[in-house]
Amino acid sequence: TYRKFNQNILYPNCGSVFKNGRNFKAWELIDKCNFDNLMVGGAKLSDTHKNFIVNYMQQISCLILKII
């Protein structure tokens, strides 16, 4: 139940991609850089869990790597 509301499980995704640092959380850096809506092809950072890269349009891995 937790995953249904906090993680995008309707589409293929990379799970948590970015590592948290000692003094910050990965999602905080994503917020500060205004990358909330970053999308390359059909690969996009999830709206519900910013550390997830979601594959909305069956994109190939090289496009997902561009986000990373």
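The paragraphs below lead from the overall fold of this predicted model to its sheet, its loop and its charged pairs.

The protein contains three helices and four strands, and when the chain is read along its sequence these elements follow the pattern α-β-α-β-β-β-α. Of its 68 residues, 29% count as buried, while the surface that the protein exposes comes to about 5,100 Å², with carbon and sulfur atoms supplying 54% of that area. Among the contacts between residues at least 6 apart in sequence, 47% join residues at least 24 apart.

The four strands make up an open sheet, in which the order is S1-S4-S3-S2 and the pairing is antiparallel. Its edges are formed by S1 and by strand S2, residues 39–40, each of which pairs on one side only. In general, the strands of a sheet are held in register through backbone hydrogen bonds, and the pairing may be either parallel or antiparallel.

Going across the sheet from S1, one meets the pairing of this strand, residues 13–16, with S4, which runs in the antiparallel sense over two bridges; here Asn13 stands opposite Val54 of S4. On to the next pair, S4 and S3 are joined in the antiparallel sense over three bridges, and the bridge partner that Ala43 finds in S4 is Asn55. These two strands, S3 and S4, also form a hairpin, with six residues lying between them. The remaining pair is that of S2 and S3, again in the antiparallel sense and over two bridges, where Met39 is placed opposite Lys44 of S3.

How are the two faces of S4 covered? In a regular strand, side chains alternate between the two faces of the sheet. In S4, Phe52 and Val54 lie on one side, Ile53 and Asn55 lie on the other, and all of these residues are buried, so that both faces of the strand are covered.

The loop between S3 and S4 holds Ser46, a residue that is buried, with a relative accessible area of 1%. The side chain of Ser46 makes a polar contact with the side chain of Thr48, at 3.1 Å.

Turning to charge, side chains of opposite charge can pair when their charged atoms come close. A search of the whole structure finds two salt bridges. In one of them, the side chains of Asp31 and Lys50 meet at 2.3 Å, taken from N to O. This pair links distant parts of the chain, since Asp31 belongs to helix H2, residues 26–32, whereas Lys50 sits in the loop between strand S3, residues 43–45, and strand S4, residues 52–55, with 19 residues separating the two partners. Asp31 counts as partly exposed, because its relative accessibility of 27% falls between the limits for buried and exposed residues.

Another salt bridge brings together the side chains of Asp47 and Lys44, at 2.8 Å from N to O. Which of these partners is buried, and which is exposed? Asp47 is exposed, because its relative accessible area of 57% is over 50%, whereas Lys44 counts as buried, because its relative accessibility of 11% is under 20%. Lys44 thus appears both in this salt bridge with Asp47 and in the pairing of S2 with S3, where Met39 stands opposite it.

How values were computed:
Residues numbered from 1 in each chain as written. Predicted model: local features only at pLDDT ≥ 70, side-chain atom pairs only at ≥ 80, totals over all residues. Heavy atoms only, no water. Salt bridge = Lys/Arg side-chain N within 4 Å of Asp/Glu carboxyl O. Buried < 20%, exposed > 50% of the residue type's maximum accessible area, 1.4 Å probe, protein only. Pairing = 2+ DSSP bridges. Polar contact = N/O pair within 3.5 Å; in protein donor to acceptor, adjacent residues only side chain to side chain. Contact = heavy atoms within 4.5 Å. Areas by Shrake-Rupley, 256 points an atom, 1.4 Å probe, with all protein chains shown as cover.
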